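Welcome! Please look over the sequence and the structure below, then work through the exercises at your own pace.

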Amino acid sequence: MKVVFINSERIGEGDEELGRKLMGSFVYALARTDDKPDAIALMNGAVRMACDDSPVLDDLWLLAADGVRIYSCGTCVDWFSLKETLAVGEISMMNDVVALFMQADSVVSVG
């Protein structure tokens, strides 16, 4: 099983706008690759990507339609008060994420 772990809305530590553009490009490409992960785990600010008005929401919907499970950290969703705006995937608890990582053959971390 392959898991992609995303912990930010952007890639890298430099320019924030560039980092968001890079993350958008990454999710766009991931949604269109033949070799998709089994699951995507979103934590911290990355949970915003699964919410209404996210610039990558359509790409996450494509991934979900292809059977990729999208998990958003419940603590993070609560922290940012996003429960009502979550638009794709499901809320997970830390023990679910730990189990997911431990069952995975590989975890790719992006962010």
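**Exercise 1: Placing Ser-54**

Ser-54 sits in the loop that runs between strand 2 (39-42) and helix 2 (57-65). The model you are viewing is a predicted one. Your task: decide whether Ser-54 is buried or exposed.

*Solution.* Start with the cut-off: a residue counts as buried under 20% relative accessible area. Ser-54 has a relative accessible area of 12%, so it is buried. Next, look at its surroundings: leaving out residues up to four places away in sequence, Ser-54 touches Arg-48 and Met-49.

**Exercise 2: Following Met-49 into the core**

Your task: find which residues Met-49 touches, and find which residues have the most contacts inside the largest nonpolar core.

*Solution.* Begin at Met-49. Not counting residues up to four places away in sequence, its contacts include Ser-54, Ile-6, Met-23, Val-27, Leu-42 and Leu-60. Now step back to the largest nonpolar core, which has 34 residues. Those with the most contacts inside this core are Ile-6, Ile-40, Leu-42, Met-49, Leu-60 and Leu-63. Among the elements that each supply at least two residues of this core are strand 1, helix 1, strand 2 and helix 2.

**Exercise 3: Checking helix 1**

Your task: check the span of helix 1 (residues 16-32), then work out where its buried residues lie around the axis.

*Solution.* First, the span. At 1.5 Å a residue, the 17 residues of helix 1 should span 24 Å, and the end C-alpha atoms are 25 Å apart, which agrees. Second, list the buried residues of helix 1: Gly-19, Met-23, Val-27, Leu-30 and Ala-31. Viewed down the axis of helix 1, these buried residues fall within an arc of 110 degrees, so they line one face of the helix. An α-helix has 3.6 residues a turn, so residues three or four places apart point the same way. Third, turn to the other side of helix 1, where Glu-17 and Lys-21 are exposed. Finally, ask what covers the buried residues: the cover includes strand 1 (2-6), strand 2, helix 2 and strand 5 (106-110).

**Exercise 4: Your turn with helix 2**

Your task: which residues of helix 2 are buried, and what do they pack against?

*Solution.* The buried residues here are Leu-57, Asp-59, Leu-60 and Leu-63. Down the axis of helix 2, they fall within an arc of 160 degrees, so they line one face of the helix. Asp-58 and Ala-65 are exposed on the face turned away from that buried side. The buried residues of helix 2 pack against helix 1, strand 2 and strand 3.

Terms used. Residues numbered from 1 in each chain as written. Predicted model: local features only at pLDDT ≥ 70, side-chain atom pairs only at ≥ 80, totals over all residues. Heavy atoms only, no water. Helix = DSSP H or I, 4+ residues; strand = E, 2+ residues; numbered from the N terminus. Buried < 20%, exposed > 50% of the residue type's maximum accessible area, 1.4 Å probe, protein only. Contact = heavy atoms within 4.5 Å. Expected span 1.5 Å × (residues − 1). Arc of directions from axis to C-beta. Core = buried A, V, L, I, M, F, W, Y, C linked by side-chain atoms within 4.5 Å.
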